[in-house]
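Here are some exercises to work through with the structure in front of you. Try each task on your own, then follow the solution step by step.

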Amino acid sequence: MKKLIALVLSAVMIASLGLIAFAANNITQESDPKKSDVIVRTVIPPSSESYTVQIPADVEIPWGDSDVRDMNPKVTCQLRLGAKLTVTVTDSDSTNTLKNADRTAGLKYTPTGLGVAYQFKEISNDAIPNDTANTVSVCVPSFAGVPIAVYQTDLTYTVDYTAPAP
Amino acid sequence: MKKVISVVLAVLMISAICVPVFAAASPTDITTETSGTATVKVDESSLDAAEWYVVQIPADKDIAWGTESVDMNYKVACQLAEGKKLTVTVTGSDANTMKDENGGEDTIAYTPTGFDAKDFDAATGVGESATEVTSWVDADPAVKLTIPAANWEGIAVSVYKTTLTYNVALGTV
């Protein structure tokens, strides 16, 4: 009995070595056509996708400086084909105003690119929206008519990932 | 013992045949944060040198003999730090009288209006700087000298003058 079990187990082990061979299509003299396709493909492991959205550091504008400030996000990502990554920049203050500490006075600023859902390709390396400089920007055109103080606002960068359709 | 080991190893090797069945692909979970903020603010270190103010006062004024009202008002534009104010006060020389420039003893008294201290807010008028003012604020009540007609009578005809001093001070609210 022991010898029989050992013989059976040995046969099974030998069979496992040849598994790949059994899984292939055989081409013989009788095969027509005498060719067969074998598919080689990648298997997507878990957590293979990644993205990094780099948002600008805090921007400090000297009083009286009306230069345009670049506020573009930069995206580096590697996603599955058909996946979508969008970045939207918004200001909770819809009046486009920098506010002082007690919010009693405001300094108007001129933005570009706010509220637009910028979509990035599955493979993006340091890409900025639409590959156009200063797509998202701010500037303060005038500092007149308000008390001199620190005025500020927060821009929110929202990232949305959409998986590819099944 | 050898037999036990051999059986265990055999079972393990048979199990390896089944591994590909368990390694099927699954959806990827992205767990990174989905939003962040960037702050846009005025550079605090640049504020110290940003204050300016201009008090525009009238030029020296010659008045005709018998004039009963003389407008001597001023106007202000300023941009000061939050919490500050500008105060302007006007004073007249010689107790609000005009003295004879030629040394005579007669004088002409006038009644001033608008001399009292007047406060102006940190943001008064409009302008990018002291040299780029586009909108002024006139003092209210306006600075005026009122000379009753009677004060022109019974005095020698001469040149009488007085000096108005406009005083400006910065302060806190």
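**Exercise 1.** Find where B:Ile5 sits in chain B, and decide whether B:Ile5 is buried, partly exposed or exposed.

*Solution.* A note to begin with: this is a predicted model.
- Step 1: Look along chain B for helix α1, which covers residues 2-17; B:Ile5 belongs to this helix.
- Step 2: Take the relative accessible area of B:Ile5, which is 43%.
- Step 3: Buried would need a value under 20%, and exposed one over 50%. B:Ile5 is therefore partly exposed at 43%.
- Step 4: Now look at the company B:Ile5 keeps. Together with B:Met1, B:Val4, B:Val8, B:Leu9 and B:Leu12, B:Ile5 makes up a nonpolar patch on the surface, and the accessible area of the patch is about 610 Å².

**Exercise 2.** Describe each chain by its helices, strands, burial and surface.

*Solution.*
- Step 1: Start with chain A, which has two helices and twelve strands. Read from the N terminus, its elements follow the order α-α-β-β-β-β-β-β-β-β-β-β-β-β.
- Step 2: Chain A has 166 residues, and 33% of them count as buried. Its accessible surface is about 10,400 Å², with 56% belonging to carbon and sulfur atoms.
- Step 3: Turn to chain B, with two helices and 16 strands. Here 29% of the 173 residues count as buried. The accessible surface is about 10,500 Å², and carbon and sulfur atoms hold 54% of that.
- Step 4: Check the contacts with a separation of 6 or more. Residues 24 or more positions apart account for 74% of these in chain A and for 78% in chain B.

**Exercise 3.** Which elements give two or more residues to the largest nonpolar core?

*Solution.*
- Step 1: Find the core itself. It has 35 residues, and those with the most contacts inside it are A:Trp63, A:Met71, A:Leu98, A:Leu107, A:Tyr151 and A:Leu155.
- Step 2: Trace the elements. Chain A supplies β2 (59-61), β4 (74-78), β5 (84-91), β9 (117-120) and β12 (152-162), while chain B supplies β1 (35-42).
- Step 3: Zoom in on A:Leu155. Leaving out residues up to four places away in sequence, A:Leu155 touches residues of chain A, including A:Met71, A:Val89 and A:Tyr109, and residues of chain B, including B:Gly36, B:Ala38 and B:Val40.
- Step 4: Look for another core apart from this one. It has 25 residues, among them B:Val76, B:Ala122, B:Ile147 and B:Ile155.

**Exercise 4.** Classify the ring pairs A:Trp63 with A:Phe143 and B:Trp65 with B:Tyr160.

*Solution.*
- Step 1: Over all chains there are six aromatic pairs. In the pair of A:Trp63 and A:Phe143, the ring centres are 5.1 Å apart and the planes stand at 55 degrees, so this pair is tilted.
- Step 2: Place these residues. A:Trp63 is in the loop between β2 and β3 (69-70), A:Phe143 is in the loop between β11 (137-139) and β12, and they are 80 residues apart.
- Step 3: Judge burial. A:Trp63 is buried at 13% relative accessibility, and A:Phe143 is buried at 2%. Both belong to one aromatic cluster with A:Tyr151.
- Step 4: For B:Trp65 and B:Tyr160, the centres are 6.0 Å apart and the planes at 50 degrees, so this pair is tilted. B:Trp65 lies in the loop between β2 (52-56) and β3 (69-71) and B:Tyr160 in strand β15, so the pair ties together parts 95 residues apart in sequence.
- Step 5: B:Trp65 is partly exposed at 39%, whereas B:Tyr160 is buried at 9%.

Conventions: Residues are numbered from 1 along each chain as its sequence is written. Chains are lettered from A and ligands numbered from 1 in the order in which they are written. This is a predicted model: local features need pLDDT of at least 70, side-chain atom pairs count only at pLDDT 80 or more; totals for chains, interfaces and linings use all residues. Side-chain values use heavy atoms; hydrogens and water are left out. Helices (H or I, at least four residues) and strands (E, at least two) are DSSP runs, numbered from the N terminus. Buried means under 20% relative accessible area, exposed over 50%, partly exposed in between (1.4 Å probe, protein chains only). Contact means heavy atoms within 4.5 Å. Accessible areas come from the Shrake-Rupley method with a 1.4 Å probe; for residues, only the protein chains shown count as cover. A nonpolar core is a set of buried Ala, Val, Leu, Ile, Met, Phe, Trp, Tyr and Cys residues joined through side-chain atoms within 4.5 Å. Patches are made of residues with over 30% relative accessible area and no salt bridge: like charges are joined within 9 Å, nonpolar side chains (Val, Leu, Ile, Met, Phe, Trp, Tyr) within 5 Å. A salt bridge is a side-chain nitrogen of Lys or Arg within 4 Å of a carboxyl oxygen of Asp or Glu. Rings of Phe, Tyr and Trp (its six-membered ring) pair if their centres lie within 6.5 Å; planes under 30 degrees apart count as stacked, over 60 as edge-to-face and the rest as tilted.
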